[in-house]
Amino acid sequence: MSTRHQRSTQDLLATFGASPTSPPSSPQPQQRARQERRERLNQPRAPRCGRAERGAGWAPVEAPLAVYQASTADIGGLFPLLASEPMPAVGARMGYDPLSGGAFHFHPIELVLRNWCTNPNLIVFGEPGTGKSSTVAAFLLRMMVFGVRTLISGDVKGEYSPLVRALGYEPIELGRSRQTRINALDLGPLSSHWESWTVTRQREELDGLLGRWVTLLSALAEAQGHRCTVTDEAVLSQVLRQLVGATDGTTRLRPTTIVDVHAELADPAPTLVREMRFGSRGQFLDHFRSITDALGNLIVGPLAGLFDGPTTVAVDWNAPIQSMDLSRIRESRGDQAIAVALTCLGSWAAAATDLRPAGEIRIVVRDEVWRPLRLGPRAVAAIDAELRLSRAEQKIPILVAHKPSDFLASGAAGSQEVAITKDLLALCSTRVLLGQSTRIASELADELALTDAEEDVTLGWANERKGRALWKIENHRGIKVQTVLSPTERRVFDTNAQLRSGTPGRG
Ligand SMILES: Nc1ncnc2c1ncn2[C@@H]1O[C@H](COP(=O)(O)OP(=O)(O)OP(=O)(O)O)[C@@H](O)[C@H]1O
Ligand SMILES: [Mg+2]
């Protein structure tokens, strides 16, 4: 290779059969070296320090610039010092950047603090099976080293359960047996802190809790087609206040369930009818008929026994990872049960993260985000609020979706819901784009203002191997990253394992 570069034009012509034109004299060695240098094929076009004339030194580059087309392996040899945009080496070490060969680290909170981006929110897009969940699992596992806890806000396919179990914890699995039940109005971690708070703090926390419950009940009604009014919410708040004992001055909160709320709405106490300024009991019952029936559907029918009684599983709110596995209810009870479970879990997640110690960062993962987005405007608004408040609440929200149109399926075209849902994309500074098909890649490129080269990466390079993605952080140039899994991680995250073992003819 090195000798080829040193061959002179004469040598080359001789090699390919031409007779030498110069006389076969034998010049002095120094003279011959100078002559050979002069005749080299890859002559520099300018002297080493540029031409000795004004404006022609090192700095100016003659236009048009030379264009090289070669494989990345060859280009690497031609431009050995080419490096990608340096990312701070902090946080989870995800894999490597094939352009520079350097390790790729990611810590969204640190990136915000270093002015790389404005928010720690993350969105992951990719065709099914390209490695979205594995990339997310690798990230949250590696962030645990820094004391960052994770909540999987509804694991519809049970993809994170092997990871939770590998870490020595049990996911909350609904639907496995009829004994597993979650109280939609669970006091959560609040009950263990309650006694240690001052009266003022108790009053503040109670207001927050009731607000969350009212939102939850309204969202549950909404998921079944009833839109709550301000009056509905005021009455629900009053009913809940009475049920937990806040109106009769009890110092400890009384546990309550959806069954209690339903009973109160179906058979209201005369004081409630009077306090809420209804003309008669009949008027009250007529006004609340649809919301009462919506809550009733959680007590009888396919959802019976899931959310309508005291919680039967012990939830460790201090575990490094907490997940609610919904794969069983999807099989046995259908999509509506999933919708309700996701709504309940969203409320729980808010309670758990609100009460964490100051300074603690928590990752909240919403895999298959199209499901909560289809629950209605309240669910969309909850995700919107989470993304907007993430910096203040020290959360790292992660949304996982297949394609941008997942965000448009929440309502009629042009509706306010669709507008809010579309804005969710803009609220995520970091976009992780795994392999895509042609149509969706161009849809993504339009929505996220990708360059042609970046679009090509999602169409080509990212599709060639699992875990390859373009990491686009705000307006910085997209970084190609191959996420690397250790053999143990590969075994634990292997969502194809079931497929493999179930295929006839396999060993
Ligand atoms: N970086 C990686 N290296 C090696 N294997 C990987 C990598 N990422 C994912 N895989 C493997 O690819 C398969 C699919 O991955 P994963 O379940 O994460 O995809 P997904 O995009 O979440 O799919 P779905 O959309 O169906 O949920 C799994 O068997 C996983 O082990
Ligand atoms: Mg997945």
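**A note on ligand 1 and a helix pair**

1. Let's start at the ligand: 20 residues surround ligand 1, and Lys132, Ser134, Lys157, Asp494 and Thr495 come nearest. A residue counts as near when one of its heavy atoms lies within 4 Å. This is a predicted model, in which local features need pLDDT of at least 70 and side-chain atom pairs pLDDT 80 or more, while totals for chains, interfaces and linings use all residues. Residues are numbered from 1 along each chain, ligands are numbered from 1 as written, and side-chain values use heavy atoms, without hydrogens and water.

2. Polar contacts (a pair of N or O atoms within 3.5 Å) are worth a look here. A polar side-chain atom of Ser134 sits 2.7 Å from an oxygen atom of ligand 1, and one of His402 is 3.3 Å from an oxygen atom of the ligand. The protein buries 89% of the 640 Å² that ligand 1 exposes when taken alone (Shrake-Rupley method, 1.4 Å probe).

3. Which helix gives the most to the shell around ligand 1? Helix H6 (residues 132-143) does, with three residues; helices are DSSP runs (H or I) of at least four residues.

4. Elsewhere, the axes of helix H20 (residues 438-448) and helix H21 (residues 452-459) come within 9 Å and cross at roughly 145 degrees, with axes fitted to C-alpha atoms over the stretch in contact and angles running from 0 to 180 degrees between N-to-C directions. Among the residues making the contact (heavy atoms within 4.5 Å) are Ala441 of H20 and Leu459 of H21.

Key: A polar contact is a pair of N or O atoms within 3.5 Å; within protein, one must be able to donate a hydrogen and the other to accept it, and residues adjacent in sequence count only if both atoms are side-chain atoms. Helices (H or I, at least four residues) and strands (E, at least two) are DSSP runs, numbered from the N terminus.
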